[in-house]
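Please find below my notes for a reader who is meeting this structure for the first time. They go from one chosen residue to the chain as a whole, and then to its interior.

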Amino acid sequence: MKRIVVIAAMLALSAGAVIAQQDQVAQTQLAMKSNLKNAVTLYDITKGKAAYDQKAVDAALAELEDVAKRFPSFFPESIKGLKPKGDYYASTKVWTQRADFEGRAANFAKAVGAAKGKIKDLDSLKAEFGAINDACLGCHETYRVKKS
């Protein structure tokens, strides 16, 4: 009887861990989708695909900065090696080159934070967007893998 209780408890804990990992992966994917949405908002404005709207710019920058500051926490050791639904997943380099990964996340947060105080019109957005985009994409080159 004791064995059955112990085995049942272990199975319940294992199932809970798997669910927690999947929840973490889903949160990570939502954060990346949020970054994409906000980057596209800024990009579209810089390219004249959307009218300049300071409220939209401020909101996009605030969301980018929020995600950037929390970014390393979206990749705990527990999700290492998981390949979620979608076109991309995190490279194992996120964990094996952790200091560089966290440094790049900090650079992204710094680029967004610096731009927030400078962007007041279309010209200043155009001037600042390159640094934000480069900091974002710089991480993708090393730490994001496209599913084949």
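1. In these notes, two residues are in contact when heavy atoms of theirs lie within 4.5 Å. With that in mind, and remembering that this is a predicted model, one may begin with Ser34, which belongs to helix α1, spanning residues 2-46. Once its neighbours within four places in sequence are set aside, Ser34 is in contact with Glu63 and Val67.

2. Is Ser34 buried or exposed? Its relative accessible area is 18%, and because buried means under 20%, Ser34 counts as buried.

3. For the chain as a whole, the secondary structure consists of 5 helices and 2 strands, which follow one another along the sequence as α-α-β-α-α-α-β. Among contacts with a separation of 6 or more, 74% join residues that are 24 or more positions apart.

4. The protein chain has 148 residues, of which 32% count as buried, while its exposed area is about 9200 Å², with carbon and sulfur atoms supplying 59% of that area.

5. The largest nonpolar core has 18 residues, and those touching the most other members are Leu42, Val57, Leu61, Phe108, Leu125 and Ile132. At least two residues of this core come from each of α1, α2 (54-70), α4 (98-116) and α5 (122-143).

6. Leu42 deserves a look of its own: apart from neighbours within four places in sequence, Leu42 is in contact with Val57, Ala60, Leu61, Leu64, Leu125 and Phe129. There is also a second, separate core of 14 residues, including Phe74, Ala90, Val94 and Trp95.

Definitions and conventions
Residues are numbered from 1 along each chain as its sequence is written. This is a predicted model: local features need pLDDT of at least 70, side-chain atom pairs count only at pLDDT 80 or more; totals for chains, interfaces and linings use all residues. Side-chain values use heavy atoms; hydrogens and water are left out. Helices (H or I, at least four residues) and strands (E, at least two) are DSSP runs, numbered from the N terminus. Buried means under 20% relative accessible area, exposed over 50%, partly exposed in between (1.4 Å probe, protein chains only). Accessible areas come from the Shrake-Rupley method with a 1.4 Å probe; for residues, only the protein chains shown count as cover. A nonpolar core is a set of buried Ala, Val, Leu, Ile, Met, Phe, Trp, Tyr and Cys residues joined through side-chain atoms within 4.5 Å.
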